[in-house]
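Hi everyone, thanks for coming. I'd like to walk you through one model today, so please have a look at it with me.

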Amino acid sequence: MKRWLFLLILPLLVAACGGGESKPAGNALHLPPPGFVGDGAKGAVVYRQNCQSCHGAEASGTERGPSLLRGIYAPNRHANLAFHLAVKNGVRAHHDSKGDMPPLQVSPEDVEHVIQYVRELQVKAGVFQP
Ligand code: HEC
């Protein structure tokens, strides 16, 4: 490869790797450490504090946010990663006209607990079978 081309590409590579910081990749994606298992009971508490005002009691929905018990939010349509990204980056309304979801300050571990809680509610509501 020509040297000038390499020098052109190098900063891009460094940028793509997070500026040379040694954070694990999961951090950039706002994910808990590998092997971390969410706890639905803890998730219920986090959910009530951070999600319920819009997504409703037991994820049933409100004027400000959709019910997460709809088929489109089952794991095969919105995988756990979609939940992590929704909390980290916010969501521009695209399924409903209830407005946007703002980014929220909730730790990756707490989001994982919330996901477990929502998955349990989805199973109870027959949205999917585990
Ligand atoms: C201020 C209101 C509000 C709060 C608080 C809120 N949401 Fe949302 N959420 C929304 C709205 C509005 C949408 C967008 C619906 C649409 O697509 O039209 C949304 C979408 C989502 C989606 C779907 C993302 C996608 O890719 O389509 C997930 C998952 C989600 N929220 C999870 C959560 C979780 C978990 C919490 C709590 C940690 C939370 N939300 C808190 C309003 C809220």
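I'll start with the ligand, then turn to the core and one loop residue.

A word on ground rules: this is a predicted model, so local features need pLDDT of at least 70, side-chain atom pairs count only at pLDDT 80 or more, and totals for chains, interfaces and linings use all residues. Residues are numbered from 1 along each chain as its sequence is written.

So, which residues come nearest to the ligand? They are Cys51, Cys54, Gly65, His95 and Met101, out of 26 around the ligand; near means a C-beta atom, placed from the backbone, within 6 Å. Two elements give two or more residues to that shell, helix H4 (52-55) and helix H5 (80-89), and H5 gives the most, with four. Helices here are DSSP runs of H or I, at least four residues, numbered from the N terminus. By type, the shell has 14 nonpolar, eight polar and four charged residues. Nonpolar covers Ala, Val, Leu, Ile, Met, Phe, Trp, Tyr, Cys and Pro, charged is Asp, Glu, Lys and Arg, and the others, Gly among them, are polar.

Now the core. The largest nonpolar core has 16 residues, and Val114 and Val118 have the most contacts inside it. Such a core joins buried Ala, Val, Leu, Ile, Met, Phe, Trp, Tyr and Cys residues through C-beta atoms within 7 Å. H3, H5 and helix H6 (108-124) each supply at least two residues, with the largest share, six, coming from H6. Val118 touches Ala59 and Leu68, leaving aside residues up to four places away in sequence; contact means backbone-placed C-beta atoms within 7 Å.

Last, Leu31, in the loop between helix H2 (25-28) and helix H3 (40-50). Leu31 is buried because 20 other C-beta atoms lie within 10 Å, and the cut-off for buried is 20 or more, with 12 or fewer being exposed and anything in between partly exposed. Leu31 and Ser107 are 76 residues apart in sequence, yet 8.7 Å apart in space, C-alpha to C-alpha.

Notes: Two residues are in contact if their C-beta atoms, placed from the backbone, lie within 7 Å.
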